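I opened a new page for this protein today. My plan is to look at the whole fold, the ligand site and one helix.

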Amino acid sequence: MRLLVTGGSGLIGGRLCLEAVKMGHDVYAAEHETSVDVGIPVKLDLLDALSIESAYEKSRPEVVIHTAALTDVDLCERNPELAFRVNSDATAQIALQAKRRGAFLIYISTDYVFDGVKGMYRETDEPNPINAYGLSKLKGEVAVKKFAERWCIARLSTPYGIHKMKKTFPEYVIERLAKGESVKVAYNQFTSPTYVPNFCRMLLEVVERDMQGIIHLSGSTRASRLEVAVKVAELLNLDKALIDPTPLSELKLDAKRPEDSSLDVSKALQILKEKPITLEIGLNMLIHNLYELKAGGATV
Ligand SMILES: NC(=O)c1ccc[n+]([C@@H]2O[C@H](COP(=O)([O-])OP(=O)(O)OC[C@H]3O[C@@H](n4cnc5c(N)ncnc54)[C@H](OP(=O)(O)O)[C@@H]3O)[C@@H](O)[C@H]2O)c1
(Lines give C-alpha, C1' and ligand atoms only; values in the text may rest on other atoms or scores of the structure.)
Protein backbone atom coordinates (compact mmCIF):
# COMPACT_ATOMS: atom_id res chain seq x y z
CA MET A 1 0.00 0.00 0.00
CA ARG A 2 1.06 3.62 -0.51
CA LEU A 3 1.16 5.27 2.90
CA LEU A 4 1.71 8.89 3.86
CA VAL A 5 2.87 9.18 7.48
CA THR A 6 2.82 12.73 8.87
CA GLY A 7 5.30 13.43 11.68
CA GLY A 8 7.77 10.97 10.13
CA SER A 9 10.53 12.17 12.48
CA GLY A 10 8.48 11.83 15.67
CA LEU A 11 8.51 9.16 18.35
CA ILE A 12 5.48 7.38 16.89
CA GLY A 13 5.82 8.42 13.24
CA GLY A 14 9.47 7.37 12.99
CA ARG A 15 8.85 3.88 14.29
CA LEU A 16 5.67 3.58 12.24
CA CYS A 17 7.62 4.30 9.04
CA LEU A 18 10.18 1.65 9.99
CA GLU A 19 7.56 -1.02 10.75
CA ALA A 20 5.60 -0.18 7.59
CA VAL A 21 8.69 -0.41 5.38
CA LYS A 22 9.54 -3.77 7.00
CA MET A 23 6.05 -4.95 6.07
CA GLY A 24 6.63 -4.02 2.43
CA HIS A 25 4.52 -0.86 2.19
CA ASP A 26 5.55 2.16 0.07
CA VAL A 27 6.08 4.75 2.76
CA TYR A 28 6.14 8.50 2.25
CA ALA A 29 7.44 10.08 5.44
CA ALA A 30 6.43 13.71 5.95
CA GLU A 31 9.16 15.87 7.43
CA HIS A 32 8.89 19.31 8.97
CA GLU A 33 11.96 20.67 10.81
CA THR A 34 13.68 17.38 11.62
CA SER A 35 14.73 15.08 8.78
CA VAL A 36 13.28 11.58 8.54
CA ASP A 37 15.40 8.41 8.61
CA VAL A 38 13.10 5.94 6.87
CA GLY A 39 10.80 6.17 3.85
CA ILE A 40 10.60 8.65 0.98
CA PRO A 41 10.81 12.16 2.45
CA VAL A 42 8.02 14.64 1.65
CA LYS A 43 8.03 18.19 3.00
CA LEU A 44 5.05 19.17 5.14
CA ASP A 45 4.16 22.17 7.26
CA LEU A 46 0.78 21.74 8.91
CA LEU A 47 0.47 25.52 9.28
CA ASP A 48 0.38 25.89 5.49
CA ALA A 49 -2.66 24.49 3.64
CA LEU A 50 -0.76 24.52 0.31
CA SER A 51 1.99 22.41 1.84
CA ILE A 52 -0.62 19.85 2.96
CA GLU A 53 -2.05 19.72 -0.55
CA SER A 54 1.39 19.35 -2.08
CA ALA A 55 2.31 16.46 0.30
CA TYR A 56 -0.83 14.62 -0.88
CA GLU A 57 -0.03 15.46 -4.50
CA LYS A 58 3.52 14.08 -4.24
CA SER A 59 2.65 10.92 -2.34
CA ARG A 60 -0.80 10.09 -3.78
CA PRO A 61 -1.53 7.94 -0.72
CA GLU A 62 -4.09 5.18 -0.35
CA VAL A 63 -3.73 5.57 3.42
CA VAL A 64 -2.72 8.59 5.50
CA ILE A 65 -1.55 8.10 9.08
CA HIS A 66 -1.67 11.50 10.73
CA THR A 67 0.69 11.42 13.72
CA ALA A 68 2.11 14.98 13.47
CA ALA A 69 1.01 17.27 16.27
CA LEU A 70 2.11 19.81 18.82
CA THR A 71 2.62 17.30 21.63
CA ASP A 72 4.16 19.50 24.33
CA VAL A 73 1.19 19.65 26.70
CA ASP A 74 2.52 22.63 28.68
CA LEU A 75 3.43 24.59 25.53
CA CYS A 76 -0.13 24.00 24.26
CA GLU A 77 -1.44 25.48 27.53
CA ARG A 78 0.76 28.56 27.16
CA ASN A 79 -0.04 28.97 23.46
CA PRO A 80 -3.52 27.52 22.82
CA GLU A 81 -3.85 29.41 19.55
CA LEU A 82 -0.87 27.50 18.09
CA ALA A 83 -2.21 24.23 19.55
CA PHE A 84 -5.56 24.72 17.79
CA ARG A 85 -3.92 25.67 14.50
CA VAL A 86 -1.61 22.63 14.45
CA ASN A 87 -3.76 19.99 16.14
CA SER A 88 -7.28 21.00 15.11
CA ASP A 89 -7.36 23.26 12.01
CA ALA A 90 -4.59 21.40 10.15
CA THR A 91 -6.27 18.07 10.92
CA ALA A 92 -9.41 19.41 9.22
CA GLN A 93 -7.29 20.16 6.11
CA ILE A 94 -5.71 16.69 6.26
CA ALA A 95 -9.22 15.16 6.48
CA LEU A 96 -10.63 17.24 3.62
CA GLN A 97 -7.74 16.22 1.35
CA ALA A 98 -8.18 12.56 2.35
CA LYS A 99 -11.82 12.71 1.30
CA ARG A 100 -11.03 14.52 -1.97
CA ARG A 101 -8.46 11.90 -2.90
CA GLY A 102 -10.30 8.81 -1.61
CA ALA A 103 -7.66 7.98 1.03
CA PHE A 104 -8.29 6.11 4.28
CA LEU A 105 -7.33 8.48 7.15
CA ILE A 106 -6.01 7.27 10.47
CA TYR A 107 -5.78 9.97 13.11
CA ILE A 108 -3.53 9.36 16.12
CA SER A 109 -5.20 10.73 19.22
CA THR A 110 -4.72 10.70 22.94
CA ASP A 111 -6.03 9.62 26.35
CA TYR A 112 -5.96 13.36 27.22
CA VAL A 113 -9.31 13.83 25.45
CA PHE A 114 -10.75 12.43 28.72
CA ASP A 115 -11.10 14.30 32.02
CA GLY A 116 -9.47 11.53 34.07
CA VAL A 117 -12.25 11.26 36.66
CA LYS A 118 -13.20 7.65 36.00
CA GLY A 119 -10.23 5.97 34.26
CA MET A 120 -10.20 2.84 32.06
CA TYR A 121 -12.02 4.71 29.31
CA ARG A 122 -13.71 2.77 26.52
CA GLU A 123 -14.13 3.91 22.93
CA THR A 124 -17.79 4.72 23.65
CA ASP A 125 -17.05 7.03 26.62
CA GLU A 126 -17.65 10.75 26.20
CA PRO A 127 -14.47 12.88 25.94
CA ASN A 128 -14.21 15.92 28.20
CA PRO A 129 -10.70 17.41 28.02
CA ILE A 130 -9.32 19.49 30.87
CA ASN A 131 -6.39 21.17 29.11
CA ALA A 132 -5.72 22.97 25.81
CA TYR A 133 -3.76 20.05 24.31
CA GLY A 134 -6.63 17.61 25.02
CA LEU A 135 -9.19 20.04 23.61
CA SER A 136 -7.11 20.69 20.48
CA LYS A 137 -6.78 16.94 19.85
CA LEU A 138 -10.51 16.41 20.46
CA LYS A 139 -11.27 19.14 17.91
CA GLY A 140 -8.99 17.19 15.56
CA GLU A 141 -11.09 14.07 16.17
CA VAL A 142 -14.29 16.02 15.48
CA ALA A 143 -12.84 17.33 12.20
CA VAL A 144 -11.83 13.82 11.12
CA LYS A 145 -15.36 12.52 11.71
CA LYS A 146 -16.88 15.53 9.96
CA PHE A 147 -14.66 15.79 6.87
CA ALA A 148 -13.08 12.40 6.14
CA GLU A 149 -15.12 9.68 4.50
CA ARG A 150 -13.12 6.62 5.59
CA TRP A 151 -11.46 7.17 8.93
CA CYS A 152 -10.12 5.60 12.07
CA ILE A 153 -9.23 7.38 15.33
CA ALA A 154 -6.58 5.45 17.27
CA ARG A 155 -5.97 6.69 20.82
CA LEU A 156 -2.89 5.88 22.86
CA SER A 157 -1.47 6.89 26.21
CA THR A 158 2.07 7.81 27.43
CA PRO A 159 4.16 6.17 24.71
CA TYR A 160 7.63 4.85 25.59
CA GLY A 161 10.34 3.58 23.28
CA ILE A 162 13.61 4.56 21.67
CA HIS A 163 14.07 7.77 19.69
CA LYS A 164 17.22 9.42 18.36
CA MET A 165 16.46 12.79 20.01
CA LYS A 166 13.89 12.17 22.71
CA LYS A 167 14.16 10.16 25.92
CA THR A 168 10.89 8.70 27.10
CA PHE A 169 10.14 8.30 30.80
CA PRO A 170 11.53 4.77 31.47
CA GLU A 171 14.85 5.60 29.78
CA TYR A 172 15.10 8.83 31.80
CA VAL A 173 14.51 6.86 35.01
CA ILE A 174 17.10 4.23 34.04
CA GLU A 175 19.73 6.92 33.37
CA ARG A 176 19.10 8.78 36.65
CA LEU A 177 19.07 5.67 38.81
CA ALA A 178 22.12 4.18 37.09
CA LYS A 179 24.04 7.39 37.93
CA GLY A 180 22.85 7.18 41.54
CA GLU A 181 20.67 10.30 41.13
CA SER A 182 17.27 10.65 42.75
CA VAL A 183 14.18 11.13 40.62
CA LYS A 184 10.92 12.86 41.57
CA VAL A 185 8.00 10.84 40.26
CA ALA A 186 4.26 11.55 40.46
CA TYR A 187 2.30 8.90 42.34
CA ASN A 188 -1.16 10.29 41.65
CA GLN A 189 -1.47 10.27 37.85
CA PHE A 190 -2.54 7.04 36.14
CA THR A 191 -2.25 6.20 32.44
CA SER A 192 -1.82 3.15 30.19
CA PRO A 193 1.85 3.24 29.17
CA THR A 194 2.24 2.15 25.56
CA TYR A 195 5.31 0.50 24.07
CA VAL A 196 5.75 2.28 20.72
CA PRO A 197 6.64 -0.75 18.52
CA ASN A 198 3.61 -2.64 19.90
CA PHE A 199 1.37 0.36 19.12
CA CYS A 200 2.78 0.59 15.57
CA ARG A 201 2.20 -3.08 14.82
CA MET A 202 -1.37 -2.90 16.11
CA LEU A 203 -1.98 0.23 14.07
CA LEU A 204 -0.62 -1.32 10.87
CA GLU A 205 -2.99 -4.25 11.37
CA VAL A 206 -5.83 -1.72 11.63
CA VAL A 207 -4.60 -0.22 8.33
CA GLU A 208 -4.31 -3.54 6.52
CA ARG A 209 -7.73 -4.71 7.71
CA ASP A 210 -9.32 -1.36 6.85
CA MET A 211 -10.86 -1.05 10.33
CA GLN A 212 -12.90 2.11 10.70
CA GLY A 213 -14.17 3.90 13.81
CA ILE A 214 -12.49 4.59 17.15
CA ILE A 215 -10.04 2.16 18.75
CA HIS A 216 -7.89 2.35 21.90
CA LEU A 217 -4.39 1.01 21.17
CA SER A 218 -2.43 1.44 24.39
CA GLY A 219 -0.62 -0.96 26.68
CA SER A 220 -2.90 -3.19 28.73
CA THR A 221 -1.62 -2.14 32.18
CA ARG A 222 -2.98 0.86 34.11
CA ALA A 223 -0.09 2.39 36.04
CA SER A 224 1.12 5.55 37.77
CA ARG A 225 4.49 7.06 36.90
CA LEU A 226 5.68 5.84 40.29
CA GLU A 227 4.69 2.27 39.46
CA VAL A 228 6.53 2.52 36.13
CA ALA A 229 9.69 3.83 37.81
CA VAL A 230 9.58 1.12 40.49
CA LYS A 231 9.08 -1.60 37.86
CA VAL A 232 12.06 -0.28 35.86
CA ALA A 233 14.24 -0.31 39.01
CA GLU A 234 13.14 -3.87 39.86
CA LEU A 235 13.81 -5.19 36.35
CA LEU A 236 17.33 -3.72 36.33
CA ASN A 237 18.08 -4.22 40.00
CA LEU A 238 18.60 -0.45 40.49
CA ASP A 239 18.20 1.39 43.80
CA LYS A 240 14.46 1.99 44.41
CA ALA A 241 15.27 4.26 47.35
CA LEU A 242 16.31 6.94 44.82
CA ILE A 243 12.72 7.18 43.58
CA ASP A 244 11.01 10.08 45.33
CA PRO A 245 7.18 9.74 45.24
CA THR A 246 5.81 13.23 44.60
CA PRO A 247 2.29 14.63 44.21
CA LEU A 248 1.63 15.91 40.69
CA SER A 249 0.84 19.37 42.10
CA GLU A 250 4.44 19.71 43.32
CA LEU A 251 5.84 19.31 39.79
CA LYS A 252 4.44 22.81 38.91
CA LEU A 253 3.35 22.00 35.37
CA ASP A 254 1.53 24.65 33.29
CA ALA A 255 -1.27 22.34 32.15
CA LYS A 256 -3.56 20.33 34.41
CA ARG A 257 -3.22 16.56 33.90
CA PRO A 258 -6.15 14.13 34.02
CA GLU A 259 -5.80 12.08 37.22
CA ASP A 260 -6.65 8.77 35.59
CA SER A 261 -6.74 8.72 31.77
CA SER A 262 -6.05 4.99 31.48
CA LEU A 263 -7.63 3.32 28.46
CA ASP A 264 -9.67 0.14 28.28
CA VAL A 265 -8.24 -2.00 25.48
CA SER A 266 -10.83 -4.82 25.49
CA LYS A 267 -11.82 -4.02 21.91
CA ALA A 268 -8.23 -4.30 20.62
CA LEU A 269 -7.64 -7.46 22.69
CA GLN A 270 -10.73 -8.98 21.18
CA ILE A 271 -10.37 -8.09 17.51
CA LEU A 272 -6.66 -7.73 16.76
CA LYS A 273 -4.14 -10.48 16.11
CA GLU A 274 -1.39 -8.15 17.37
CA LYS A 275 -2.52 -7.67 21.01
CA PRO A 276 -1.84 -4.84 23.47
CA ILE A 277 0.99 -5.95 25.79
CA THR A 278 1.50 -5.51 29.54
CA LEU A 279 3.82 -2.94 31.09
CA GLU A 280 6.20 -5.66 32.25
CA ILE A 281 6.55 -7.16 28.76
CA GLY A 282 6.97 -3.71 27.16
CA LEU A 283 9.62 -2.60 29.66
CA ASN A 284 11.52 -5.86 29.19
CA MET A 285 11.52 -5.29 25.43
CA LEU A 286 12.66 -1.70 25.86
CA ILE A 287 15.49 -2.72 28.17
CA HIS A 288 16.54 -5.46 25.74
CA ASN A 289 16.53 -2.95 22.87
CA LEU A 290 18.51 -0.34 24.81
CA TYR A 291 21.07 -3.02 25.61
CA GLU A 292 21.25 -4.14 21.94
CA LEU A 293 21.63 -0.53 20.81
CA LYS A 294 24.53 0.03 23.21
CA ALA A 295 26.10 -3.18 21.93
CA GLY A 296 25.77 -1.81 18.37
CA GLY A 297 22.92 -4.06 17.22
CA ALA A 298 19.52 -3.29 15.69
CA THR A 299 16.29 -2.79 17.63
CA VAL A 300 13.34 -5.16 17.38
N1 LIG B 1 3.72 11.81 23.28
C2 LIG B 1 2.66 11.51 24.01
O3 LIG B 1 2.71 11.48 25.26
C4 LIG B 1 1.35 11.15 23.33
C5 LIG B 1 0.33 10.55 24.10
C6 LIG B 1 -0.86 10.20 23.46
C7 LIG B 1 -1.04 10.49 22.11
N8 LIG B 1 -0.04 11.10 21.41
C9 LIG B 1 -0.28 11.44 20.00
O10 LIG B 1 0.57 10.66 19.19
C11 LIG B 1 0.97 11.40 18.04
C12 LIG B 1 2.47 11.31 17.88
O13 LIG B 1 3.10 11.80 19.04
P14 LIG B 1 4.69 11.71 19.24
O15 LIG B 1 4.94 11.48 20.67
O16 LIG B 1 5.28 10.84 18.20
O17 LIG B 1 5.08 13.23 18.91
P18 LIG B 1 6.50 13.88 18.65
O19 LIG B 1 7.60 12.91 18.91
O20 LIG B 1 6.49 15.18 19.41
O21 LIG B 1 6.47 14.17 17.10
C22 LIG B 1 5.63 15.14 16.56
C23 LIG B 1 5.85 15.17 15.07
O24 LIG B 1 5.00 16.20 14.53
C25 LIG B 1 5.77 16.99 13.65
N26 LIG B 1 5.24 18.37 13.57
C27 LIG B 1 5.09 19.24 14.59
N28 LIG B 1 4.63 20.43 14.12
C29 LIG B 1 4.47 20.26 12.78
C30 LIG B 1 4.06 21.12 11.73
N31 LIG B 1 3.69 22.40 11.95
N32 LIG B 1 4.02 20.63 10.47
C33 LIG B 1 4.39 19.35 10.22
N34 LIG B 1 4.80 18.50 11.16
C35 LIG B 1 4.86 18.94 12.43
C36 LIG B 1 7.17 16.98 14.24
O37 LIG B 1 8.14 17.35 13.27
P38 LIG B 1 9.32 18.40 13.66
O39 LIG B 1 9.96 17.85 14.90
O40 LIG B 1 10.20 18.38 12.48
O41 LIG B 1 8.64 19.71 13.91
C42 LIG B 1 7.29 15.52 14.67
O43 LIG B 1 7.67 14.71 13.59
C44 LIG B 1 0.45 12.82 18.24
O45 LIG B 1 -0.66 13.01 17.41
C46 LIG B 1 0.07 12.89 19.70
O47 LIG B 1 -1.00 13.76 19.90
C48 LIG B 1 1.17 11.40 21.98
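For sorting the ligand shell, I counted Ala, Val, Leu, Ile, Met, Phe, Trp, Tyr, Cys and Pro as nonpolar, Asp, Glu, Lys and Arg as charged, and the others, Gly among them, as polar. On that basis the shell splits into twelve nonpolar, eleven polar and four charged residues. I also noted that this is a predicted model.

Ligand site. Which residues come nearest to the ligand? I found G7, G10, I12, H32 and A69, out of 27 residues around the ligand. Next I checked which elements supply the shell: α1 (11-22) and β5 (104-110) each bring at least two residues. The top contributor is α1, with three.

Whole fold. I counted ten helices and 13 strands in the protein. Its radius of gyration is 19 Å, close to the 19 Å from the globule rule for 300 residues, so the protein is as compact as a globular protein of that length. Along the principal axes, the C-alpha atoms fill a box of roughly 55 × 40 × 40 Å. I get 48% of the 300 residues as buried. Among contacts with a separation of 6 or more, 76% join residues 24 or more positions apart.

Helix α8. I picked residues 225-236 for a closer look: α8 has twelve residues and spans 17 Å from first C-alpha to last, close to the expected 16 Å. Its buried residues are R225, V228, A229, K231 and V232. Down the helix axis they fall within an arc of 160 degrees, so they line one face of α8. Their cover includes α6 (169-178), β8 (183-186), β12 (223-224), β13 (243-246) and α10 (279-294). After α8 comes N237, with a positive phi near 55 degrees.

Key. Residues numbered from 1 in each chain as written. Predicted model: local features only at pLDDT ≥ 70, side-chain atom pairs only at ≥ 80, totals over all residues. Near = placed C-beta within 6 Å. Helix = DSSP H or I, 4+ residues; strand = E, 2+ residues; numbered from the N terminus. Expected span 1.5 Å × (residues − 1). Buried ≥ 20, exposed ≤ 12 C-beta atoms within 10 Å, placed from the backbone. Arc of directions from axis to C-beta. Contact = placed C-beta atoms within 7 Å. Rg over C-alpha atoms; globule rule 2.2 N^0.38 Å.
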